[in-house]
Amino acid sequence: MMAEYLLFATERYALPILAPLAQALHASGQSVSAWFADGAAGGSLPGVPNVDLTQALALRPRAVFSAANWVPPFIAGAKVQVFHGFNVQKRDSARGHFRVRGLFDLYCTQGPATTEPFRDLAERQGHFAVAQTGWPKLDPLFRDDGGASAALRAPAAGRPVILFGSTFTERLSAAPHLYEHIAADIARGERYWLLTLHPKCSEEMFARYRALAGDNAAFIEPEQVMAAQRAADVLVSDTSSIVSEFVVQYKPVVTFRNRVPQPHMIDFDDATQLPAMLDRALSPEPALVAQIQQYADSIHPYRDGYSSERVIAATEDFLAGELGTLKRKPFGAWTRGLQIRRDLGYWGPSKR
């Protein structure tokens, strides 16, 4: 029997997270709509109609899949958190990845590193369930992409392919510090570069990096990032979620002044050392390879491309009562709900 599901996002970078979920729901014969608010407004997914708040309320969806930190509690359906990134420790746990706002019924975690802390929180608080599913965004990394990654790699003509991706957080971004050294490496032409930036980076930074495109480099738009990760041999980054996304493929990462450097990273703080770091990454020692594999398995052990299907299955298990009975939401969830109503300008009845 066909049911209605709603996808919710507040930033454009959430669209690649929700797209595989939409495909999996369509493949199972379900109806899918999307409500893209705030920074995600104007975005779209193939074959998925966009709705506004009034239409989302009228849909009375079976479940709402949110790739944001919040979800409107007055819309019908189970509220499912699918996350907008990995835990990269940009801030402490109380304000970061493990902050529980009382708005979600089910957390679909990416791997043991996040499952265990969320299960501990669920046992103590009792108002949400947890299921380890893997992350829908990474499904395309492990499925046939129709030649998209091969097309990005083809201009390298056998040269090593380096992907550069940087966070928008100014104090953590490598983009301004590595620009000249990346430009110099591109000019030498020994390696082929794929360049991308977080959508929230400044227009000035986008212009500088776009200008590096040519015979030895290409600029990658947000919708091409997953294909670029498949195409590249090594990632150069900073304290960005893309580091964890890339490492899941068992590939080396070079990080510039990572906030919390770890053994699976080749971290450095002297920009002039970039060529040496790249040489090391392209010929990684066995100890580094082992660290990469261990970390990848802890954050995302799935390499089958079916995390979206597991999210849907976990949601159905939750709705069937197979994940236990939840306690009432905490008082903080009620006050947060009022804030959401105020921000959205909606004071009508709840459709739960």
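A salt bridge here is a side-chain nitrogen of Lys or Arg within 4 Å of a carboxyl oxygen of Asp or Glu. By that rule, R280 pairs with E285, their closest N and O atoms being 2.6 Å apart. What you're looking at is a predicted model, where local features need pLDDT of at least 70, side-chain atom pairs count only at pLDDT 80 or more, and totals for chains, interfaces and linings use all residues. Residues are numbered from 1 along each chain as its sequence is written, and side-chain values use heavy atoms, leaving out hydrogens and water.

The structure holds 14 salt bridges. Here are some of them:

| Acid | Base | Closest N and O atoms |
|---|---|---|
| D105 | K329 | 3.0 Å |
| D279 | R191 | 3.0 Å |
| E285 | R280 | 2.6 Å |

The D105 and K329 pair ties together distant parts of the chain, 224 residues apart. D105 is buried (buried means under 20% relative accessible area, exposed over 50%, partly exposed in between, with a 1.4 Å probe and protein chains only), at 5%. K329, at 29%, is partly exposed.

D279 and R191 sit 88 residues apart. D279 is partly exposed at 46%, while R191 is buried at 6%. Salt bridges with shared partners also join D185, R188, R191 and D279 into one network.

Now for the nonpolar core, a set of buried Ala, Val, Leu, Ile, Met, Phe, Trp, Tyr and Cys residues joined through side-chain atoms within 4.5 Å. The largest one has 118 residues, and I182 is among those touching the most other members. Leaving aside residues up to four places away in sequence, I182 touches F164, W193, L195, Y209, L212 and L274, with contact meaning heavy atoms within 4.5 Å.

Definitions and conventions:
Helices (H or I, at least four residues) and strands (E, at least two) are DSSP runs, numbered from the N terminus.
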